Amino acid sequence: MNIKDVENLASLARIELSEEEKKNLLSDMESILGYVKQIEELKVENAESECKVYNVWREDEIIPRDFSRELITEQFPGTQDGFLKVKKIL
Amino acid sequence: MIDLENLTIKKARKFLDAKEFSAVDLASAYLAEIEKKNKELNAYLEVFDDVLEQAKVADERIAKGESYPLLGIPLAVKDNILIKGRKVSAASKMLENYVASYDATVITKLKKQGAIFLGRTNMDEFALGGSTENSAYGVTRNPYDKNRVAGGTSGGSAVAISANMALGALGTDTGGSVRNPASFCGVVGLKPTYGAVSRSGLIAAVSSFDQAGPITKTVEDAEIIFNIIHGKDLLDSTSINKDLYEKKREKKIIGVPMSSFSGALAQDVLKQFTDALEHLEKQGYKINYELEFPSSKPALSAYYIINFAEVSTNLARFDGVRYGLHINGKNLLEDYLLTKSNGFGRETRRRLMLGAYVLSAGYYDAYYGKAVLVRGQLRKEYLKAFESVDLIATPTMPDTALKIGEKSDPVSLYLEDVFTVTANLTGCPAISLPMGTVLREGKKLPLGIQFMAPHGGEENLFEIGKKFKGMI
């Protein structure tokens, strides 16, 4: 792993990092991945799951729930006319 | 004066019903304790300003002759459980001023009882950590030694109970987050069977591990809260009914995978643990020390890989568009970058990146795919063990609470979770009970013993817990 990998992962995770942080994260990630890597060598039989499977879908009927439109829209970082406001993406 | 030190939920119910004190008296007594202690301990991030009004309503219901186990009982709630109209921040700057728009199902159930919510308690940001040091609002201190951590991630809830700042508390447990602080603070903490308690209205960390559970002074109190919050919920498709799993016949055998950890424990911790097992033998339990789980060694790696993967997925929603913090940039991408970089703390950012790594093309099979296989294998090994033993006992944590800042490299902190993560990987219920104290630098610090039961076996945990009480 090198600084380029850290930068690449940060951009995947949409995080901006300072040079200092990149260095710290590189050493943290190397030690963490070094530890969890032991799992790579492990031989585990690709056995079928023994979990029982149940149908958890409910019938397609309306169950009224008490929701406050105001409480929800108040939490939007930006709103206009009761809608969530976002920046244009194109 | 109400004797808070010796008060339990069970006792308080009798006093409230007999009108020896009112719900307002009781809530006032807790508010006074919080006022005295919270500044130093930092258990609560917010004490609600309507506690006495809530208590008055409870008193009116009691006056009408109503009685429910939690009517008028003051509770503390971890800051990742939604209460409609109240702030809930997951101890993150990202959600600093976020107000919940609905009640978590566990809260709906507690409200029906007439429980009093004192406030929201500190935790590791987004429930990522094990010491409450990752809170954006400062560390929670251990009442036994204020230079030490409370454990985590439900550190605030455990301290609230330990320092008589609440009579009962809710925490959430992803890899030990209820049991770890319970152990460090000398109180009881239960991680229910996966699905036993609805996750609707919890801020998700790892959806396939998370469970809400009670933190209390006694096993009876944990049982009272569990009996109220459990049950299938339409709003959580992974929730289950109590009778989903077959009850096993009791054999009075406790399994202990001794060889896997005895060498790694401090002498006095090991002694306390073996003494506890001897006490249980005197109570008529057989102890099987030969238990072995071949998959327990890679289990911690599997746990963390799955944790990183699910955390990075679950936390993707905090993008500055839909909830909470928004920092304005030149374009949408810059909004994302600025908001996530400023809103998330160090550990959270680290896990988001690790999640991106273990899920990325080329590494997916080697890490995440493998971790899922280990998880399945471990589950099989535990199910097999539970054919011959009723319960599995280990210490809850390898040692007492660490000093604040003592361990800063992430891997050594992750290793602290070695005993607790198996219950989350397998979905089994587990409880941490106080197991006496040991001396560290002149201070008595609590230890915890963990019992794990097969799926749906909470009753067995309560039963052994009641027997275990008073032994130490």
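**Exercise 1. The hairpin and its neighbours**

In the hairpin of strand 12 of chain B and strand 13 of chain B, which residue takes a positive phi? Work this out in the predicted model, and then follow the pairing outwards from the hairpin.

Solution. Begin with the turn: two residues lie between the strands of this hairpin, and Glu441(B) takes a positive phi near 50°. Next, follow the two strands away from the turn, where strand 12 of chain B and strand 13 (residues 443-452) of chain B run antiparallel and are joined by nine bridges. One position can be checked by hand, since Ile431(B) has Phe451(B) in strand 13 of chain B as its bridge partner. Finally, turn to strand 7 (residues 188-191) of chain B, which is joined by three bridges to strand 12 (residues 430-440) of chain B, again in an antiparallel arrangement. Here Gly189(B) has Ser432(B) of strand 12 as its bridge partner.

**Exercise 2. The whole sheet**

Determine the strand order of the open sheet in chain B, and explain why one side of strand 1 and of strand 10 is left without a neighbour.

Solution. Tracing the pairs from one strand to the next gives eleven strands in the order 1-3-2-6-8-7-12-13-11-9-10, with mixed pairing. Strand 1 (44-47) and strand 10 (286-288) of chain B stand at the edges and have a single partner strand each, so one side of each lacks a neighbour in the sheet. From one strand to the next, the twist averages 30°. At the strand 10 end, strand 9 (residues 253-255) of chain B pairs with strand 10 of chain B in the parallel sense over three bridges, and Gly255(B) stands opposite Asn288(B).

**Exercise 3. Two chains in contact**

Describe the side of chain A that touches chain B, and state which helix of chain A gives the most to it.

Solution. Start with the totals, which are 37 residues of chain A in contact with 43 residues of chain B. Then assign the chain A side to its elements: helix 1 (3-12), helix 2 (19-36), helix 3 (38-41) and helix 4 (69-74) each supply at least two residues, and helix 2 of chain A gives the most, with seven. Sorting that side by class yields 22 nonpolar, seven polar and eight charged residues.

**Exercise 4. Helix 11 of chain B and its partners in chain A**

Classify how helix 1 and helix 2 of chain A are each oriented against helix 11 of chain B.

Solution. Take helix 2 of chain A: its axis and that of helix 11 (residues 346-358) of chain B come within 11 Å and cross at roughly 55°, and the two helices are therefore oblique to each other, in a right-handed crossing. On the chain A helix the contact uses Leu25(A), Asp28(A), Met29(A) and Ile32(A), while helix 11 of chain B brings Arg350(B), Met353(B) and Leu354(B); by class these are five nonpolar, no polar and two charged.

Now take helix 1 of chain A, which packs against helix 11 of chain B at an angle of about 100° with the axes 9 Å apart, and the pair is therefore roughly perpendicular. Leu9(A), Ala10(A) and Leu12(A) meet Met353(B), Ala356(B) and Tyr357(B), a contact of six nonpolar, no polar and no charged residues.

**Exercise 5. A helix pair within chain B**

Classify the orientation of helix 2 of chain B and helix 3 of chain B.

Solution. The axes of helix 2 (residues 23-41) and helix 3 (residues 51-63) of chain B come within 8 Å and cross at roughly 155°. The two helices are therefore roughly antiparallel to each other, and helix 2 of chain B passes helix 3 of chain B in a right-handed crossing.

Conventions: Residues are numbered from 1 along each chain as its sequence is written. Chains are lettered from A and ligands numbered from 1 in the order in which they are written. This is a predicted model: local features need pLDDT of at least 70, side-chain atom pairs count only at pLDDT 80 or more; totals for chains, interfaces and linings use all residues. Two residues are in contact if their C-beta atoms, placed from the backbone, lie within 7 Å. Helices (H or I, at least four residues) and strands (E, at least two) are DSSP runs, numbered from the N terminus. Ala, Val, Leu, Ile, Met, Phe, Trp, Tyr, Cys and Pro count as nonpolar, Asp, Glu, Lys and Arg as charged, and the others, Gly among them, as polar. Two strands pair if DSSP finds at least two bridges between them. Axes are lines fitted to C-alpha atoms, for helices over the stretch in contact, and angles run from 0 to 180 degrees between N-to-C directions. Angles under 35 degrees count as roughly parallel, over 145 as roughly antiparallel, 65 to 115 as roughly perpendicular and the rest as oblique. A crossing is left-handed if the near helix is turned anticlockwise from the far one by less than a right angle, and right-handed if clockwise.
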